[in-house]
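Please find below a short note for a colleague who is new to this entry. It takes the ligand site before the backbone and the interior.

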Amino acid sequence: MNKENNKKIPVGILGATGMVGQKFIKLLENHPWFEIVALGASSRSAGKMYGEVVNWQVDGAIPQIIAKMKVQSCEPKYPCQIVFSGLDSSVAGEIENAFANAGHLVISNSKNHRMGTSIPLLIPEVNADHIELIKTQSFSNGGAIVTNPNCSVVGLATALKPLDDIFSVKAVDVVTLQALSGAGYPGVPSMDILNNVIPYIHDEEDKVETEPQKILGCFNDGKVDYHPMKVSAQCTRVPVIDGHLECVTLTLGQKTSKDKILDAWKEFSGEPQKLKLPSAPNNPIVYFEDPRYPQPRRHSNLERGMAVSTGRLREVGDGRWKFIVLSHNTIRGAAGGAILNAEILIKKGYLRDE
Ligand code: NAP
C-alpha cells in the first residue's frame, strides 16, 4: 500500500498463464497492498484475453477482472515498478534482465539468476540480510532482480536455519518426493506417473545440492560467503498434485537432544513475522508429533501454504538426525514466497517513489 495516497501498488506478472503465474493471480486477488495491472506470456497468448488462453488449474474461478485483461508480450513497458516472474527458464534469463534494465524490480521464480553473485536468493525468514546485495547490482535505471530458491530448497533451508544457528549443520542428505505441479502444465504425462514414481528430475539435484549453501551463507562486506556444509540429494517425482515432501538425514556439529531441536523449530521466526507482513505465516515451522504426519494432501496448505512442516524427528547416532519436511511448492516454493519477498523489499524501502 502506498503510504502517501493509500492506493494499492501496481504489479505485473510475467508467465501469467503458467502454473506459478496462475497461483500469483489467486494469491494477489485480495492482497491488501498489490493490484495486478499487467499480465505477460508468450506470443501464443499475447494479444488475447487471459480467460481465453489460460488453462486454469487453480481451485475456484478466474477473478473476473483478470479473465478480461489482455495478455501482453514480455516487453519491458509495463505500468508498474514491481514485476513478478513465473517465466519458463528457457526465456526467463533474458526477459528478466531486460525488465531490470528498464528500471523494474523483478521478483523471479526461475533458476536463471539465482546463483549470480549480486542476486539475493531470498527466504525472508532465513536470510533477509542478503537483500543488501541489491546495492551491488548494476542494472540500468535503478532496476533490480531478487530470486526465490528452488521449490524443494525452500522447505529444506527453512528447517535447517534454526538448527544451524544453534548446533551447526555439517552435512545434509536428502531424498525428495516432489509433486506434479512442480513440473508446470501439462508436465509429466499421466501414463508415466500414475501408479508410479519417477526417480529422476532433470537438473533438480544440482539445485538442491548448491542453493542451500548460498541461502545459509553469511552476508559479509557486500557479498555472501557460502556455508561450508555438504548437501547430497536424490530427487523423485511422485503422483501428488501439490506439496514436496523430503526425507532428510542431517549431521550436526554439536551434540543435542530431540527436545532442543524441537524448541529451536518452535521458537524460530524472522523479519516477516516481526514486520507482520501480510503473507507471513504466524509460525514458519510447524512440527507434527503424530508420526503419520506431515502429509502433502493434508498439510501443504498450512497457514495458507506458507508454513513449512516437519515431523518424525529421531536420532540415528554419531550426531546424525532424521526428519521429514514438507512445503507447498507453488505457494511457499514459488508465488507465495515471491509475494513475501516483495513485501519485505517494500518494508525495507526498495520501492522508488514515483
Ligand atoms: P509453466 O506452467 O510451463 O508456465 C510457463 C510460463 O512461461 C507460461 O506463462 C508461458 O506462456 C510462459 N512462456 C513460455 N515461453 C515463453 C516465451 N518465449 N516468452 C514469454 N513467455 C513464455 O511453468 P511453471 O511451473 O509455472 O514454472 C514457471 C517458472 O517457475 C519456471 O522457471 C519454474 O522452474 C519455476 N518454478 C516452478 C515451481 C512449481 O512448483 N511449478 C516452483 C518454483 C519455481 P504461454 O502460456 O503463453 O506459453
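The numbered points below describe the ligand, its pocket, some backbone features and an internal cavity.

1. Status of the model. The structure is a predicted model, and its local features are reported where pLDDT is at least 70. Side-chain atom pairs are counted only at pLDDT 80 or more.

2. The shell around the ligand. The ligand is surrounded by 27 residues, and the closest of them are T17, V20, S42, R44 and S45. Sorted by class, this shell is made of 10 nonpolar, 15 polar and 2 charged residues. The reader may wish to find the five closest residues, T17, V20, S42, R44 and S45, before going on to single contacts.

3. Polar contacts of the ligand. Two residues from the closest group, T17 and S42, take part through their side chains. For T17, a polar side-chain atom is 2.5 Å from an oxygen atom of the ligand. For S42, an N or O atom in the side chain lies 2.6 Å from an oxygen atom of the ligand. D88 takes part through its backbone: one of its polar backbone atoms is 3.2 Å from a ligand oxygen atom. On its own the ligand has 910 Å² of accessible area, of which the protein covers 81%.

4. Where the ligand sits. The ligand occupies the largest pocket. Three elements give two or more residues to the shell around the ligand, namely helix 1 (19-28), helix 4 (89-101) and helix 13 (331-347).

5. The largest pocket. The space in this pocket comes to about 1400 Å³. Its lining counts 49 residues, and those closest to the centre are L87, D88, S89, A183 and G184. D88 is thus named both here and among the polar contacts of the ligand. At least two lining residues come from each of helix 1, helix 4, helix 8 (204-215) and helix 13. By class, the lining holds 18 nonpolar, 23 polar and 8 charged residues.

6. Cis peptide bonds. Which residues does a cis peptide bond with omega of about 0° join? One such bond links Y185 and P186, and P186 is found in the loop between strand 6 (169-178) and helix 7 (190-193). Another cis bond runs from Y293 to P294, with omega near 0°. P294 belongs to the loop between strand 11 (285-288) and helix 11 (296-299).

7. A positive phi. D203 is not a glycine, yet its phi is positive, at about 75°. This residue, D203, lies in the loop between helix 7 and helix 8. Helix 8 is also one of the elements that supply the lining of the largest pocket.

8. The internal cavity. How many cavities of 30 Å³ or more does the structure hold? There is 1, and the volume of the largest cavity is about 50 Å³. Its lining consists of L122, I123, P124, N148, P149, V154, R332, G337 and N341. By class, these are 5 nonpolar, 3 polar and 1 charged residues. Helix 13 contributes the most to this lining, with 3 residues. Helix 13 therefore deserves a second look, as an element that also gives residues to the lining of the largest pocket.

Methods. Residues numbered from 1 in each chain as written. Heavy atoms only, no water. Near = heavy atom within 4 Å. Polar contact = N/O pair within 3.5 Å; in protein donor to acceptor, adjacent residues only side chain to side chain. Areas by Shrake-Rupley, 256 points an atom, 1.4 Å probe, with all protein chains shown as cover. 1 Å grid on protein atoms, 1.4 Å probe; cavity = no way out; pocket = protein on both sides within 12 Å on 5 of 7 lines; lining within 4 Å. Sits in = over half its atoms within 2 Å of the grid points. Helix = DSSP H or I, 4+ residues; strand = E, 2+ residues; numbered from the N terminus. Nonpolar A, V, L, I, M, F, W, Y, C, P; charged D, E, K, R; others polar. Points joined across faces, edges and corners; volume = space filled by probe spheres on them.
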